[in-house]
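Student: I keep meeting labels such as "stacked" and "buried" when people talk about protein models. Could we go through one and check the labels together?

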2 protein chains.
Amino acid sequence: VSRAWFLARAPQGRLRADDFELRDVDLPPVAENEVRCELLWLSIDAANRAWMQGATYRSAVTAGTPMPGLGLGRVVESRSPSHPVGTIVAGDLGWREQCVVEADDLEVVRGTRPLPEHLGVLGVSGLTAYFGLLRIGDPQPGETVVVSAAAGATGSLVGQMARIRGCRVVGLCGSPAKQRWLEDRLGYDVALDHRSDTLAADLKAACPDGVDVYFDNVGGPVLEGVLPRMRVGGRIVCCGVISQYDTDSPRPGPAGVPGLIVTRRLTMRGFIYTDFQAEFDAAQTEIAGWLDDGSLQVAQHVAEGLDRAPDALVDLLAGATRGKCLVRIAPETVVAHAG
Amino acid sequence: VSRAWFLARAPQGRLRADDFELRDVDLPPVAENEVRCELLWLSIDAANRAWMQGATYRSAVTAGTPMPGLGLGRVVESRSPSHPVGTIVAGDLGWREQCVVEADDLEVVRGTRPLPEHLGVLGVSGLTAYFGLLRIGDPQPGETVVVSAAAGATGSLVGQMARIRGCRVVGLCGSPAKQRWLEDRLGYDVALDHRSDTLAADLKAACPDGVDVYFDNVGGPVLEGVLPRMRVGGRIVCCGVISQYDTDSPRPGPAGVPGLIVTRRLTMRGFIYTDFQAEFDAAQTEIAGWLDDGSLQVAQHVAEGLDRAPDALVDLLAGATRGKCLVRIAPETVVAHAG
């Protein structure tokens, strides 16, 4: 028996914590090539809400189904020779205390870095920032990079990586406290409030020569505000559409699409970090180097215990978190690394 | 003295022929490095209307100013050694009988092909189709290519070039007669009516495996209709937004932008054919080969005389033309080629 969160009903408008229901579930016996994992950490991501709107790169999460989600776990029972008991694994483990999964669907976590970094800066958030910025955005030294949801798990890394590449970095975020954090602690050149009535003028002042790369986490009105500031030949990295996730009536696309795409010769390109799976090792090595030499700062927002998972997602969608949002399900200190 | 069309007032809603006014203008004396040209052919393009909405890749055309436009002319007075009297030139000559322009702004037209082809299949329309499809869309043999405004100057060439590249080709156009023409004469696999109430289902039936390349000339609801049919990794060539040109209240962008851009890992990229200026010669050579061997068909809609220029543009915007829309200003037969 394990406790697991289910989506009890389709959210009406904004997601509420009581859209979820915590249930006891019977764990199936472990079959050949499967393992049973104890959950250690759960990654809370804005995309969790998007999954409830319909099929995306994965099937929709509908009412009455267990809530999926990336997590880190420890193998406690194994019928897979390559995943002995004690192995630390990452994958779609779900919002639950224990799970039984196919071993082939799991990534084995190795190394000596703190475990939750494998869900953050060395995992989905860091790899999304790394490949999205460097492969899709292709920023050149001296260029201006704008990133939205700049205080989020991905955005807080994008701006720092752009700075490491020698770019001028402008972040868009949702509160004065986040603005100060981005400018004073993460080295953003300018941080702007995306809710400001003067966003267009603020952007113009912050990017007097225009924007070469816009790393778009939010879509909607912010994308619409940045589009007219794009330089000819600019690149828009389409990473997410957070502004349209927490609703059951998403807006149409922004004005200027595709008009400004044509006249400014822009490229908009979408991606999922797993498109670059073959290059994960090299990316993680480079990112770890930035962590070691202090050029990359990471922030975590940790909710304690599986019971808090729905609140953590609601908080993230409300803009109440900074950096990587995680749920700690079992104490990390009891865990020995596998490699 | 020359007659020239002016935009008399900013169009209210849809463009009307009486938004233009034909005036007598005094020609300035020809200065050093300038030439005086007699206009032979004028290119009528949907973009002419977009210029009236505001600045694009060129400054806006405002009320009270002479109407610009690509044309072919013959030099009748020259103070440029490289452009002697009799030279045939192409450039932004404007909607007029005669003009005085900088010689450096003109392209010298050489060769023995029919003159108006230098505004069509070998000029702006053909080069737009060629570079947009082959460089931005990068279609592979066996892939499915969809093109909108498929019976237009550019679209009628895009589908044929995609067919030459070994693709399955689906065209979207505005009348049953155009559908038959595309299927029976230009070799499109399927032509659909973009105004159909069943467009989504029609597209699904015509593209059962999805769409690899969408060459978008129109934006708006048609782009919105094609987006959900795009395959993962698909490319959207943003060439124009005709559906939103003939209005003073353009719609916001289509639903699914940027949501589907992300989840399908799409690339949307805008371009102007002049971005590829360095490769014009090679492209024109390849296009001329397709004309010579019969694999490329061209259609022209010719309006006779400068007086008909506004009507020609109104007709084009109303979907009443097929292929390249031109105004014949002086008889081609009196013209000797320059090279």
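Tutor: Sure, we'll take the labels in turn and hold each one against its definition. One thing before we start: this is a predicted model, where local features need pLDDT of at least 70, side-chain atom pairs count only at pLDDT 80 or more, and totals for chains, interfaces and linings use all residues. Residues are numbered from 1 along each chain as its sequence is written, chains are lettered from A and ligands numbered from 1 in the order in which they are written, and side-chain values use heavy atoms, with hydrogens and water left out.

Student: What makes the rings of B:Y273 and B:F280 a stacked pair?

Tutor: Rings of Phe, Tyr and Trp (its six-membered ring) pair if their centres lie within 6.5 Å; planes under 30 degrees apart count as stacked, over 60 as edge-to-face and the rest as tilted. The centres of B:Y273 and B:F280 are 5.8 Å apart and their planes are at 5°, so this pair is stacked. B:Y273 and B:F280 are both buried, a word we'll pin down in a moment.

Student: Which larger group do A:Y273 and A:F280 belong to?

Tutor: They sit in one aromatic cluster with A:Y130, A:F131, A:F276 and A:W290.

Student: Why is B:C37 called buried?

Tutor: Buried means under 20% relative accessible area, exposed over 50%, and partly exposed in between (1.4 Å probe, protein chains only). B:C37 comes out at 0%, so it counts as buried. A:C167 has 7%, so buried is the label there too.

Student: Why does B:C37 have no disulfide with B:C99?

Tutor: A disulfide is a covalent bond between the sulfur atoms of two cysteines. The test here is a pair of cysteine sulfur atoms within 2.5 Å. B:C99 holds the closest cysteine sulfur to that of B:C37, but it is 4.6 Å away, so it is too far for a bond. For A:C167, the closest is in A:C207 at 12 Å, again too far. Searching the whole structure gives zero disulfides over all chains.

Student: How do you know that the charge of A:R58 sits over the ring of A:W51?

Tutor: The rule asks for NZ of Lys or CZ of Arg within 6 Å of the ring centre and within 35 degrees of the ring normal. The charged end of A:R58 is 4.7 Å from the centre of the A:W51 ring and sits over it. In chain B, B:R23 lies over the face of B:F6, at 4.3 Å from the ring centre.
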